[in-house]
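The following explanation leads a new reader through a single protein structure. Please keep the sequence and the model in view while reading.

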Amino acid sequence: MEKHEIEFVSVKDVKKNADAIIIHYIEENGTDVIGIYDTGFESHGKALVESLRRYYFTDSKRNVDFMIISHSDEDHASGAEYILDNVPVKSIYMNRPWRFNKELLGYLDDKRRNNSSLKRMLRETYPYVAKIEDKAIKKQIPIYDLFQGQEILKRITILAPAPSFYFDLLCESNKIPDPTKTYSLESSLQESQGILRDEWKNEYLTTTNETSSENEMSIVCFIHFDDENVLLTGDAGIRNLRQVITYLSKHGITPTADIDVYQVPHHGGRHNLTIDVMNDLVGDILEEDIDTGRKAFVSTSKNSGYPRKVISNSFIKRGIRVYSTNGSSIRHHKRMGKRVGWSSVACENFSDYIEPKE
């Protein structure tokens, strides 16, 4: 069997939530693979580089095989520049909106725009992805689009988004000016205040939910190891996750049984999951104190109030242990051995009180 580890990199002095993940596995034949899924803020990029140098690089392995940027938001992409300046990266996988210029020009039907002006506008609108592209071109690092059905080094399959869905999300995005659109208020995505009492058999997630178009663009990865499967979700919302569930099912994979490790989407915010998605992706609510042995990890800043209790409770009710970084890096591994100075971390407890419905 291969041996593998996944590190959820976190930084104590950063107050905002961010995702920066190291994927590492060594095949039975000795092939050593290091990958990155999201890079967080610059501080996360620095912490990630430090971890690579301290724990992953060896005399014979001193580069990163691939970097995946799940989507364009600052808390997922802005640490990439520091990483690219400080460690060799062989390839970058990310989706760039201006790659859909021709289709967008047809959709916008704006005679004032041409290919060059639209590309300029999109690069200004999505600056962190644009900066990564510029850095990659300067360093001659190839960049690849990444959509549903593609694979990376055989162990990683992309579950979402499909290209057509990605284009639809671009058209919907509030970041792309279109006079025909009706824009939603940012305040509609804010968390409400107060608390409710939770009960094990009740479910306080909503049946419908909405997150930003950019979050829905998240590249979702299914990593198949020899004895466990890992799902990395970025900030995917319910429409994206519906594509994930459908794709897995069509390919003979039952999400509720065949996924062993979950990344909780969007730092455990409540706008990315619904009752139906949890039932189909994770499973039904079980009897109390049943532990399935499966795990969920969520990247949060210290004392951020995330993951929301309604979200962590929803995983716990389904027999999933939830682990939050809370400003300190967490490492999940099999057959990799312990690290000096690292200790086990406690999982989240079931909370009797949760945030109220909105």
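**Helices, cores and loops**

The buried residues of α7 are covered by elements that include α4, α8 (213-216) and α9. The structure discussed here is a predicted model. In α7, the buried positions are Phe165, Tyr166, Phe167, Leu169, Leu170 and Cys171.

The nonpolar interior is considered next. The largest nonpolar core has 45 residues, and within this core Leu52, Val89, Ile92 and Leu104 touch the most other members. At least two residues each come from β2 (20-26), β3 (32-39), α1 (42-56), α3, α4, α5, α6 and α7 (163-172). The element that gives the most to this core is α7, with six residues. Leu52 offers a view of the surroundings of one core member: apart from neighbours within four places in sequence, Leu52 is in contact with Ile22, Ile34, Ile36, Phe57, Val64 and Val87. There is also a second, separate core, which comprises 33 residues, Ala236, Leu273, Met278 and Ala296 among them.

Attention now turns to a pair of helices. Helix α4 (residues 101-108) packs against helix α5 (residues 115-125) at an angle of about 100 degrees, and the two axes are 10 Å apart. Since angles of 65 to 115 degrees count as roughly perpendicular, α4 is therefore roughly perpendicular to α5. On the α4 side the contact is formed by Asn101, Leu104, Leu105 and Leu108, which meet Asn115, Leu118, Lys119 and Leu122 of α5. The residues of this contact divide into five nonpolar, two polar and one charged.

Helix α6 (residues 127-139) can be checked against the span expected of a helix. Its 13 residues, at 1.5 Å a residue, should span 18 Å, and the end C-alpha atoms are indeed 18 Å apart, so the two values agree. Buried in α6 are Val129, Ala130, Ile132, Glu133, Lys135 and Ala136. The cover over these buried residues includes α2 (74-77), α3 (80-86), β5 (92-93), α5 and β6 (143-144). After α6 comes Gln140, with a positive phi near 60 degrees.

The loops hold further features. Is Thr233, in the loop between β11 (229-232) and α9 (238-250), buried or exposed? Thr233 has a relative accessible area of 2%, and because buried means under 20%, Thr233 is buried. Not counting residues up to four places away in sequence, Thr233 touches Tyr37, Ser218, Val220, Leu241, Gln263, Val264 and Pro265.

Two peptide bonds in the model deserve mention. Ala160 and Pro161 are joined by a cis peptide bond with omega about 5 degrees, and Pro161 lies in the loop between β8 (156-160) and α7. A cis peptide bond also joins Tyr306 and Pro307, where omega is about 0 degrees; Pro307 belongs to the loop between β13 (294-298) and α12 (309-316).

Finally, some loop residues have a positive phi. Lys154, in the loop between β7 (151-152) and β8, is not a glycine, yet its phi is positive at about 70 degrees. With a relative accessibility of 76%, Lys154 counts as exposed. Asp289 is found in the loop between α11 (275-281) and β13, and its phi is near 70 degrees, a positive value in a residue other than glycine. The relative accessible area of Asp289 is 74%, so Asp289 is exposed.

Technical notes:
Residues numbered from 1 in each chain as written. Predicted model: local features only at pLDDT ≥ 70, side-chain atom pairs only at ≥ 80, totals over all residues. Heavy atoms only, no water. Axes fitted to C-alpha atoms, helices over the stretch in contact; angles between N-to-C directions. Helix = DSSP H or I, 4+ residues; strand = E, 2+ residues; numbered from the N terminus. Parallel < 35°, antiparallel > 145°, perpendicular 65-115°, else oblique. Contact = heavy atoms within 4.5 Å. Nonpolar A, V, L, I, M, F, W, Y, C, P; charged D, E, K, R; others polar. Expected span 1.5 Å × (residues − 1). Buried < 20%, exposed > 50% of the residue type's maximum accessible area, 1.4 Å probe, protein only. Core = buried A, V, L, I, M, F, W, Y, C linked by side-chain atoms within 4.5 Å.
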